[in-house]
Amino acid sequence: METPQPPEPIAGARLLFSLDPAVSHLNHGSFGAVPINAQRLQQRLRDEAEANPLRFFTGGLVDRISHTRRHLATFLGADPEGAALVDSATVGAAIVLQSIGLRPGDEILLTDHGYGSVALAVERECARTGATVRSLRLPLEAGDEEIVQIVREGLRPGRTALLVVDQVTSPTARLLPAAALVALAHEHGVAVLVDAAHAPGMLSTPVSHLGADFWVGNLHKWAYAPRATALLAVAPQWRDRLQPLAVSWEQASGFPRRIEWQATRDYTPWLAAPAGTYTLRSLGPERVRRHNAALAAYGQRVVADALGVPPAQLPSPGGPEVAMRIVPLPPGIATTRADATELRTMISDRLATEVAVNAWGGQGWLRLSAQVYNTAEEYERFALRLSPLLARLRRR
């Protein structure tokens with residue numbers, strides 16, 4: 001298998017961010033990184049709020065939020081009037097789960113590639129309503145057709161009320177065939193929630209072609225928005241049924257305002273989010289996607305070579321735009337969530353490198369992200385230093 005080549009750096013991209021230069025930031029996928037221009041706009045908005053709080057909250061803020069939502073929804077290919085700003089994909093999922101009217105005997109179907117906190121929210125809602133939850137195992141090496149077939153066999157028409165599927169998975173960095181899964185579920189009368197936490201900015205217009213009942217994606221990861229900014233897109237037949245987690249003064253306004261308005265929450269991340277998408281547009285979205293995906297592939301191969309992992313054992317991302325890759329860790333390393341957290345902290349402290357470490361499928365996995373501020377040398381340096389660290393752990 002041919003060794004991936006690193007892409008040409010995007011000149012000046014690192015200067016757009018305020019990241020600590022003494023640290024290699026190879027984990028953009030967890031919390032993102034906010035460009036300096038978006039940081040400064042958010043601070044100006046905070047200053048505006050503190051200069052006259054009453055005017056800020058009562059002088060047209062609802063309309064400013066609506067204007068921002070329209071901008072971000074258009075950027076993602078979503079219906080601006082059929083979407084609502086929320087804090088995160090996890091919050092959006094919670095809103096959906098508590099609004100769809102689960103009953104005893106209903107079932108929510110997950111996959112084992114899903115995000116942990118969403119699974120916890122599903123379990124809590126099922127316990128509250130008497131519904132049940134079931135998870136399907138998708139083999140890491142499964143292709144799109146096999147994944148669709150597994151889900152087809154797992155659906156229980158008349159009982160499965162909701163299928164929850166990730167667009168780009170968090171623990172396994174895999175692009176799933178979300179559009180095919182939505183179509184399949186709808187053939188059997190099953191609603192679909194697409195957890196698209198990593199899609200905005202990484203994928204081009206990730207909403208428009210899916211037709212999902214619910215889609216929720218974070219803009220504070222790959223779309224450079226301040227934390228916490230996410231968009232929840234909802235199919236027309238569900239909009240009147242969606243309820244906020246807490247009732248506030250815009251309740252009578254209906255969707256989406258009753259979802260967005262949460263009294264004195266901090267709205268400045270949302271209002272500053274268009275500065276992040278402006279940065280992405282200035283760099284060239286397709287150029288950024290090509291750069292990030294190519295660099296992630298290079299980083300995966302460099303680290304895998306250092307750990308002695310054959311190329312054939314490296315999982316495929318499932319699509320050309322995915323800017324994260326995973327590498328299996330040696331047997332016995334980071335096989336539990338606690339051990340994965342400990343290793344991630346050790347890598348941060350000893351190697352001055354930020355990465356994601358996950359325990360999935362009984363094995364430890366290193367997840368590498370790539371962003372315009374990263375360089376090939378960072379992955380090469382990390383690969384050289386990681387192998388001795390893991391060797392010492394195995395001797396303990």
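## How the parts are named

Helices (H or I, at least four residues) and strands (E, at least two) are DSSP runs, numbered from the N terminus. This is a predicted model, in which local features need pLDDT of at least 70 and side-chain atom pairs pLDDT 80 or more, while totals for chains, interfaces and linings use all residues. Residues are numbered from 1 along each chain as its sequence is written, and side-chain values use heavy atoms, without hydrogens and water.

## A residue ahead of the strands

Leu-15 belongs to the segment that comes before strand E1, which covers residues 24-25. Is Leu-15 buried or exposed? Leu-15 is exposed (over 50% relative accessible area, whereas buried is under 20% and partly exposed lies in between, with a 1.4 Å probe and protein chains only), because its own relative accessible area is 70%. Along the chain, Leu-15 and Pro-35 are 20 residues apart, and in the model a distance of 8.9 Å separates their C-alpha atoms.

## Helix H6 and its two sides

How does the length of helix H6 compare with what its number of residues leads one to expect? The expected span is 1.5 Å times one less than the number of residues, so the 14 residues of H6 should span 20 Å, and this agrees with the model, where the C-alpha atoms at the two ends of H6 are 20 Å apart.

The buried residues of H6 are Val-118, Ala-121, Val-122, Glu-125, Cys-126 and Thr-129. When one looks down the axis of H6, these buried residues fall within an arc of 130 degrees (from directions between axis and C-beta atoms), so they line one face of the helix. On the face of H6 that is turned away from this buried side, one finds the exposed residues Leu-120, Arg-124, Ala-127 and Arg-128.

What do the buried residues of H6 pack against? Their partners (in contact, with heavy atoms within 4.5 Å) are helix H5 together with four strands, namely E3 (107-111), E4 (132-136), E5 (160-166) and E6 (191-195). After H6 comes Gly-130, and the phi of this residue is positive, near 90 degrees.

## Two cis peptide bonds

Most residues other than glycine have a negative phi, and most peptide bonds are trans. Against that background, two bonds in this model deserve a look. A cis peptide bond, with an omega of about 5 degrees, joins Arg-227 and Ala-228, and Ala-228 sits in the loop that runs between strand E7 (214-218) and strand E8 (230-234).

Phe-255 and Pro-256 are also joined by a cis peptide bond, again with omega at about 5 degrees. The loop that holds Pro-256 runs between E8 and helix H9, a helix of residues 257-260.

## Positive phi angles outside glycine

Which residue in the loop between E5 and helix H8 (178-187) should be looked at for its backbone angle? Ala-173 lies in that loop, and although Ala-173 is not a glycine, its phi is positive, at about 50 degrees. With a relative accessible area of 2%, Ala-173 is buried.

Thr-205, which is likewise not a glycine, has a positive phi of about 35 degrees. This residue, Thr-205, is found in the loop that leads from E6 to E7. Its relative accessible area is 34%, and therefore Thr-205 is described as partly exposed, whereas Ala-173, in the loop between E5 and H8, is buried.
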